[in-house]
Amino acid sequence: MRFDENARLDTSQIDDLRGSGGGGGIGGRVAVGGGGLGVVGLILYFLLSQLGGGAGIDLGGVGLGGLQPGQTADTSQAASSCRTGAEANTQLDCEVVAVVNSLDGFWSDAFARSGMTYQPPRTNFFSGGVRTACGSATSAVGPFYCPADNEVYIDLSFFRELETRFGAQGGPFARAYVIAHEYGHHVQALLGTSSRVRPGETGPTSGSVRLELQADCYAGVWANHAESVPTASGEPLITDVTREDVEAALDTAARIGDDYIQSRLGGGRVDESQFSHGSSAQRERWYLTGYETGDPARCDTFARGVDLG
């Protein structure tokens, strides 16, 4: 996978909070469920639940790097360094900017074809911790979508953790899957799907699992169309997606399945009653459903009698 080197990147939907220097000791919670918690947050949720934790992750007393009251995000770093696809091919933050541009372009067209108006989310780069309308979060939560403010949050160091701690293959298309999954949650919020799920609900057929698998499917739908989303000049922004790229994305999906994480980080015992994101096989299956069909309508994990896998 590569980006058109001459493509102009749009950083208008990016807020760069990495240098905002927030204060410490603010506390807070990030609610679990409803698409408001990132792919790594399920690890914390599982471990906390085994220790009698509640319906959220208590971050009291942790010093975070989010915005202080009255501060604004400094977008100059991303805006100055992420101008073309050439930078996206060499710089991680610019790579994410380019993926965001592609996702916004695809979903805007998809909504328009259905007679609806797409409202793009803002994507926030942060380092260490961040304040959101869903509460406060540290980088340990991983990338997440906050339905209360309709924004995506990501500490870019997560991608290194995904490869070193989880053993994922990595690569740009695998990283794009993570961003596309969070955008899937935004699509669910716009369509009202998220409101059908009770926060904190767990289990192999729970609403939380259905929500996550649908977001995986939506990520696959975008992946199917990634090479056809144009730049302002009409040329494809993303090119040269290979089967190896798709396999890397599937590998990432498998590494963040509930069963994989529980068996590797939860003492070796798989407890389906605590599933909140779906098994590795389910996550692969629903990403492939989206990728092979390219049709968001095939992603209805809430349909009566649907086989979740």
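What share of the 309 residues of the protein counts as buried? In this predicted model, the figure is 53%. The accessible surface adds up to about 12300 Å², and carbon and sulfur atoms hold 46% of that. As for secondary structure, there are ten helices and ten strands to keep track of. If one looks at contacts between residues at least 6 apart in sequence, 76% of them link residues at least 24 apart.

One open sheet is a handy place to start. Its four strands line up in the order E2-E5-E9-E8, and the pairing is mixed. Strand E2 (14-16) and strand E8 (144-146) sit at the edges with a single partner strand each, so one side of each has no neighbour in the sheet. On average, neighbouring strands here are turned by 25 degrees against each other, ignoring direction. E8 and strand E9 (residues 151-154) run antiparallel and are joined by three bridges; in one of the pairings, Phe144 has Tyr153 of E9 as its bridge partner.

Helices come up against this sheet too. Helix H4 (residues 92-113) lies across E2 and strand E5 (122-125), at about 170 degrees to E5. Helix H6 (residues 172-191) packs on the sheet as well, where it touches E5, E8 and E9, and its direction makes about 20 degrees with that of E8.

Then there is a helix pair. Helix H7 (residues 207-225) packs with helix H10 (residues 280-293) at an angle of about 35 degrees, the axes being 6 Å apart, and the crossing is right-handed. Among the residues that meet are Leu213 and Cys217 from H7, and Trp286 and Tyr287 from H10. By class, this contact has nine nonpolar, six polar and four charged residues.

Technical notes
Residues numbered from 1 in each chain as written. Predicted model: local features only at pLDDT ≥ 70, side-chain atom pairs only at ≥ 80, totals over all residues. Heavy atoms only, no water. Helix = DSSP H or I, 4+ residues; strand = E, 2+ residues; numbered from the N terminus. Buried < 20%, exposed > 50% of the residue type's maximum accessible area, 1.4 Å probe, protein only. Contact = heavy atoms within 4.5 Å. Areas by Shrake-Rupley, 256 points an atom, 1.4 Å probe, with all protein chains shown as cover. Axes fitted to C-alpha atoms, helices over the stretch in contact; angles between N-to-C directions. Left-handed = near helix turned anticlockwise from the far one by under 90°. Nonpolar A, V, L, I, M, F, W, Y, C, P; charged D, E, K, R; others polar. Pairing = 2+ DSSP bridges.
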